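User: I have a structure open and would like to go through it in small steps. Can we start with the vocabulary?

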Amino acid sequence: MKYLEKTKNFTQDNVIPLDECVLAALELFSINEINTLDLSRFKRPLIAGSGNAIVTAEIIFWDIDCVFCDETNFDSQILKDVDWVIIVSASGEKHAPLFAKKAQENNLKVILFTCNKNSSAQNIIWEKNTIVTPKNREPYTYNTSTYMWWIFAKTAENPSDIYNYIQNKIDPILEKINFWDFSSYLLVTPDEFSWVNQLFRVKFIELFGRKIARDVFSYEHIKHAITVVPNKNELAISFWEWEFDFENTRINFALPDTIWLAGMMAIWYYVIGKIQKSHPNYFQENIWNYINRMNQSWFSKWLSVIVD
């Protein structure tokens, strides 16, 4: 449990990189039973979340009749014919308490999926209406073990198999790539994984801002004029055995049949972590100032560089 141990010891001045955070999450999952989510009680819930939480929720609840919303349209969506409000928030903070209050004001049953045992949202809807799942100690915004646990609970993949695939198949190829040679990245996934593409777009923004260019597409999407303008400093990373239009450097990985959405999330986060380690550490350089700015705003006054 080498990487799991690292999550216990890193500091805000030397945050753990994303690739190591992924391996730590898979180690956590391999020694803990992940129970399948029982969603039978929900008939037509309103699912509320922000950022990558709502992307994760769309994976968890894809096969039940529900309405999805975030902080921009919650007020209008709550007026629809729904029987529950399900709040999906790793922290149970930020917009989650606002969702909880409005659900109560509309006399709707509400439940919170979170990784925080003492959140503001839980204090509103009570502990009995809160489902708390395990997580690792991670840097702010990484949300690797948090969201990935929920996806594993849906897909029932084997975390040990994914861990071994990353180390035995992904690593040997990545070790030959000098990511510093590239300032732009095109990430291409098979169509059946397109649900998780938004996770990777957001993760690039969180780690690199606009310092590094990136795009994430599925194979069918890539056919629609995405590669008209070539860039010799762009690297395409794909998981497909067939060719697609791309004039410059490309690396490709063969996916085993056992990889599904949780595995795809783990693999891409791992690759993004390798990119993070090969460029200036923009996240490390800026996260402390960002946290200080946010803690002076009305929106959140509890943020920390490390989420325990």
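Analyst: A salt bridge here is a side-chain nitrogen of Lys or Arg within 4 Å of a carboxyl oxygen of Asp or Glu. Glu206 and Lys203 form one, with N and O 2.7 Å apart.

User: What sort of model is this, and how are residues numbered?

Analyst: This is a predicted model, in which local features need pLDDT of at least 70, side-chain atom pairs count only at pLDDT 80 or more, and totals for chains, interfaces and linings use all residues. Residues are numbered from 1 along each chain as its sequence is written, and side-chain values use heavy atoms, with hydrogens and water left out.

User: Back to Glu206 and Lys203. Where do they sit?

Analyst: Both are in helix 9 (residues 197-208), three residues apart, so about one helical turn separates them. Helices (H or I, at least four residues) and strands (E, at least two) are DSSP runs, numbered from the N terminus.

User: Is Lys203 buried or exposed?

Analyst: Lys203 is buried, at 1% relative accessibility. Glu206 is partly exposed, at 29%. Buried means under 20% relative accessible area, exposed means over 50%, and partly exposed is in between (1.4 Å probe, protein chains only).

User: How many salt bridges does the structure hold?

Analyst: The structure holds 12 salt bridges. One of them pairs Asp19 with Lys274, whose closest N and O atoms are 3.3 Å apart. Asp19 belongs to helix 2 (residues 18-30) and Lys274 to helix 11 (residues 261-278), so this pair ties together parts that are 255 residues apart in sequence. Asp19 is buried, with a relative accessible area of 2%.

User: And the one with Lys154?

Analyst: Lys154 meets Asp63 in a salt bridge, at 2.7 Å from N to O. Lys154 is in helix 7 (residues 144-155), while Asp63 is in the loop between helix 3 (52-60) and strand 2 (67-69), and the two are 91 residues apart. Lys154 is partly exposed at 23% relative accessibility, and Asp63 is partly exposed at 42%.

User: Let's zoom out. How many helices and strands are there?

Analyst: The chain has 12 helices and 11 strands.

User: What is its radius of gyration, and what would a compact globule have?

Analyst: The chain has 20 Å, and a compact globule of 308 residues would have a value near 19 Å, so the two agree. The radius is taken over C-alpha atoms, and the globule rule is 2.2 Å times the number of residues to the power 0.38. Along the principal axes, the C-alpha atoms fill a box of roughly 55 × 40 × 40 Å.

User: How much of the chain is buried?

Analyst: Buried residues are 52% of the 308 residues.

User: What about contacts along the sequence?

Analyst: Contact means heavy atoms within 4.5 Å. Of the contacts with a separation of 6 or more, 71% are between residues 24 or more positions apart.

User: Pick a buried residue to look at.

Analyst: Thr144 is in helix 7 and is buried, with a relative accessible area of 0%. Leaving aside neighbours within four places in sequence, Thr144 is in contact with Leu18, Cys21, Val22, Ala25, Glu138, Met265 and Tyr269.

User: One more like that?

Analyst: Asp171 lies in helix 8 (residues 159-174) and is buried, at 12% relative accessible area. Beyond neighbours within four places in sequence, Asp171 is in contact with Ile166, Tyr270 and Lys274. The last of these, Lys274, also appears in the salt bridge with Asp19.

User: How far is Asp171 from Ile125?

Analyst: Their C-alpha atoms are separated by 44 Å, and the two residues are 46 apart along the chain.

User: New topic: backbone angles. Which sign does phi have in Lys94?

Analyst: Phi of Lys94 is positive, near 55°, in a residue other than glycine. Most residues other than glycine have a negative phi. Lys94 is in the loop between strand 3 (84-88) and helix 5 (96-105), and is partly exposed at 28% relative accessibility.

User: And Ala225?

Analyst: Ala225 also has a positive phi, near 60°. Ala225 lies in the loop between helix 10 (219-222) and strand 9 (234-238), and is exposed, with a relative accessible area of 58%.
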